[in-house]
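Got the viewer open and no idea where to click? Here is a short tour, stop by stop, with something to select at each one.

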Amino acid sequence: MGKQSDTNSVAQISLGTACEQGGRSNIEDRVDARHVTTAGGLSLTVAMVADGVGGSNFGERAAELALEVVFNELESSSLADPAGIPELLRQVLEDANTAVYQEGRAEKEKRGMGSTATVAVVHDSKLYLANVGDSRAYLIRGSKGERLFQLTMDHTWAWEMVTLGRLGKTEAENHPKAEELVRSIGYGEHVTVDLGLYRNGDDSEEKSRKNQGLQLKPNDRIVLCSDGLIKERHNGNQPYVTETEITQTVTRQAPEKAAPTLVQMAINRHADDNVSAIVLEMPGSKRAFYLPTAILFGGIGFILILGLVGLFAFWSSTRPDPQPPIMDVATVPVEEDVIDANITPSPRATQVPEAVLEELVGPTQLALADGTRLDLGADTTVQVLTKAGENGETAVQLLLEQGLLVVKATGTPVIVANPYGVQAEITNGLLGVQNDTDAFRFSAVCLLGSNCRLVGDLEGVVGLTEGQSSFVGGSGKPENPGNADYAIYYAIASDVVPAPTATPTPTATFTPTPTPTNTPTRIPPTKTPVPPTETPIPDSDADGFNDQVDQCPGESAPGTSDGCPEQSGGGNGGNGGNGGNGGNGGSDAPVDG
């Protein structure tokens, strides 16, 4: 069983699930998410991740049996009062433990089989959780995931030693037994079910139980996953999928796409375990748009320029016989029809082989047998997924995890993708690609040739000719082409990338802009009095002072015996804008997780 994927939408709660084999010889994870109505009439949205442990295929059997028991007993429950949901979850997981334990004891070869179990239930927009083992549940709150909470604790040896005060956190995490499970479904005759819903990392299990029935709202997402998604990579630098990547993925993509994206991200990074994820999204949630930093500050500058232009226009309109300034602003021509709906995107890079032929870390250079050449910048990571001529492949497929890459293609199609499925393509010529993970921006530059193109992960395809560039940001679709920046690519492949001689041109075209804005100073507005011989200035109150010099037209001067009334005025304005984890105790016999 190589892959599972399912989508659903129940009672307006959107669901997405995904499960991949990863580095295991078989798939022992089990996931399910669906709408359940209890025999007592409660409508529940239920999601569960079970990660099997044990030799041969018995971990797979333990996870499958645990999942079957949980869903069957929820459906057959006579519970009608939502206040009883936490205890119902405790009971169904204890029953699952009994079922797995008894089957394991009945057959000698199955002894020791077990599974983790993380179950999330939503009823009437309230969240309930139960957990055994080290699978996790997260709450991502806010349209851009402004806050992330790890709602469950990992029931590992390290966690227990810290909770009991026997070891410090660092000492426990570095111990050889650190990741061994101390709680699992089926290992022992009895199991302690964790009903804590942890919003603060240092809360106790008992205190965290009071959070059951957590009120959910629009822009809340729940993520359940096996440890294969978030465990540390072999190099120990970071998890296979970071919390930032989880947040950006689930707030930017619908659950049915977000779950497979998260799983595939870990698989592409050589996850050594099965990888599973479930994503639940509350109704009314909005997609996040991650604006690249350069665009953000560029937008602020643009607004300031618009303000200055508006001020200048207002000032000019008050001048007699205004002379419109001549503004010679050069603009970059934009091809309005470059995004062609008739262009069929190539297969998404997320649908890649599980095997990685080669992993490259820059700065380095690689020449392939078909003539393709790759130049990587510093701190660049590239995975070679396929090579033309090997295993019947006709194209070179690359996964650019981060950094700068120059591709020289000599007739073989080359596809460069990021983990989200955005991809840049070329067949003949020179292509520059940058994956800026901090700015959430994937850029492509056609350095030589005319057959480059950029494919968005959500929609849209843009063709690029020599000297043009485009990028995909938070919108998920390519922007219209602009001028290429050769300099950053010339720095890593100067022997093939043309020297960036064209870069001064845009600077020169914009230099005339400030000049016209200063020309209006020729006629200061303070020197434009209207000649009294042509337009007599009235004396509206017949006090002998014309209205131009009168302190209080229509009345005597304020503060005098004439009784000129004091006048006042005012205005107002506005404002706006605003914008987990820990441990506890309990122990069942440890098993190898």
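Start at E479. With a relative accessible area of 32%, E479 counts as partly exposed, because the buried class ends at 20% and the exposed class begins over 50%. Keep in mind as you click around that this is a predicted model.

**Stop 1: around E479**

To find E479, go to the loop between β22 (468–472) and β23 (482–483). Now add its contacts to the selection: leaving out residues up to four places away in sequence, E479 touches V462, S470 and F471. Then put a distance line from E479 to L454: they sit 25 residues apart in sequence, and their C-alpha atoms are 9.4 Å apart in space.

**Stop 2: the whole view**

Zoom out for a moment. The protein has 593 residues, and 47% of them are buried. Color by secondary structure and you should be looking at 12 helices and 23 strands. Switch on the surface if you like: about 28,200 Å² is exposed, with carbon and sulfur atoms supplying 51% of that.

**Stop 3: D32 in β3**

Hide the surface and select residues 29–37, which make up strand β3, then pick out D32 within that strand. Is D32 buried or exposed? D32 is buried, at 15% relative accessible area, which is under the 20% cut-off. Show what lies around D32: apart from neighbours within four places in sequence, its contacts are V46, A47, M48, L67, F71 and I278.

**Stop 4: α1 against α2**

Next, select residues 58–76 for helix α1 and residues 85–106 for helix α2. Their axes come within 9 Å and cross at roughly 140°, so the two helices are oblique to each other. The crossing is right-handed.

Show side chains on both helices to see who meets whom:

- From α1, the residues in this contact are R61, A62, L65, A66, V69, V70, E73 and L74.
- From α2, they are L88, L89, Q91, V92, L93, D95, A96, A99, V100 and E103.

By class, the α1–α2 contact has 13 nonpolar residues, one polar and four charged. While the helices are on screen, here is a handy general point: an α-helix has 3.6 residues a turn, so residues three or four places apart point the same way.

**Stop 5: D124 and S125, side by side**

Jump to the loop between β6 (117–123) and β7 (126–132), where D124 sits. S125 is in the loop between β6 and β7 too. What is there to look for in the backbone of D124? Its phi is near 55°, a positive value in a residue other than glycine. S125 also has a positive phi without being glycine, near 60°. As for accessibility, D124 counts as exposed at 57%, while S125 counts as partly exposed at 28%.

**Stop 6: A130 in β7**

Follow the chain into strand β7 and select A130. A130 is buried, with a relative accessible area of 1%. Which residues touch A130, if you skip neighbours within four places in sequence? They are L89, L93, A117, T118, V119, V193, D194 and L195. Two of those names, L89 and L93, also appeared on the α2 side of the helix contact at Stop 4. One more distance line to draw: A130 and G196 are 66 residues apart in sequence, yet 7.2 Å apart from C-alpha to C-alpha.

**Stop 7: α7 with α8**

Select residues 243–252 for helix α7 and 255–268 for helix α8. These two pack at an angle of about 150°, with axes 9 Å apart, and that angle makes α7 roughly antiparallel to α8. α7 passes α8 in a right-handed crossing. Where they meet, α7 brings E245, I246, T249 and V250, and α8 brings A258, T261, L262 and M265. Sorted by class, that contact has five nonpolar residues, two polar and one charged.

Before leaving, select α7 alone. Eight of its 10 residues are buried, so the helix is largely enclosed by the rest of the structure. Those buried residues are E245, I246, T247, Q248, T249, V250, T251 and R252.

**Last stop: P363**

Finish with P363, in the loop between β13 (358–361) and β14 (364–367). Click on the peptide bond from G362 to P363: this bond is cis, with omega near 5°.

Definitions and conventions. Residues are numbered from 1 along each chain as its sequence is written. This is a predicted model: local features need pLDDT of at least 70, side-chain atom pairs count only at pLDDT 80 or more; totals for chains, interfaces and linings use all residues. Side-chain values use heavy atoms; hydrogens and water are left out. Axes are lines fitted to C-alpha atoms, for helices over the stretch in contact, and angles run from 0 to 180 degrees between N-to-C directions. Helices (H or I, at least four residues) and strands (E, at least two) are DSSP runs, numbered from the N terminus. Angles under 35 degrees count as roughly parallel, over 145 as roughly antiparallel, 65 to 115 as roughly perpendicular and the rest as oblique. A crossing is left-handed if the near helix is turned anticlockwise from the far one by less than a right angle, and right-handed if clockwise. Contact means heavy atoms within 4.5 Å. Ala, Val, Leu, Ile, Met, Phe, Trp, Tyr, Cys and Pro count as nonpolar, Asp, Glu, Lys and Arg as charged, and the others, Gly among them, as polar. Buried means under 20% relative accessible area, exposed over 50%, partly exposed in between (1.4 Å probe, protein chains only). Accessible areas come from the Shrake-Rupley method with a 1.4 Å probe; for residues, only the protein chains shown count as cover.
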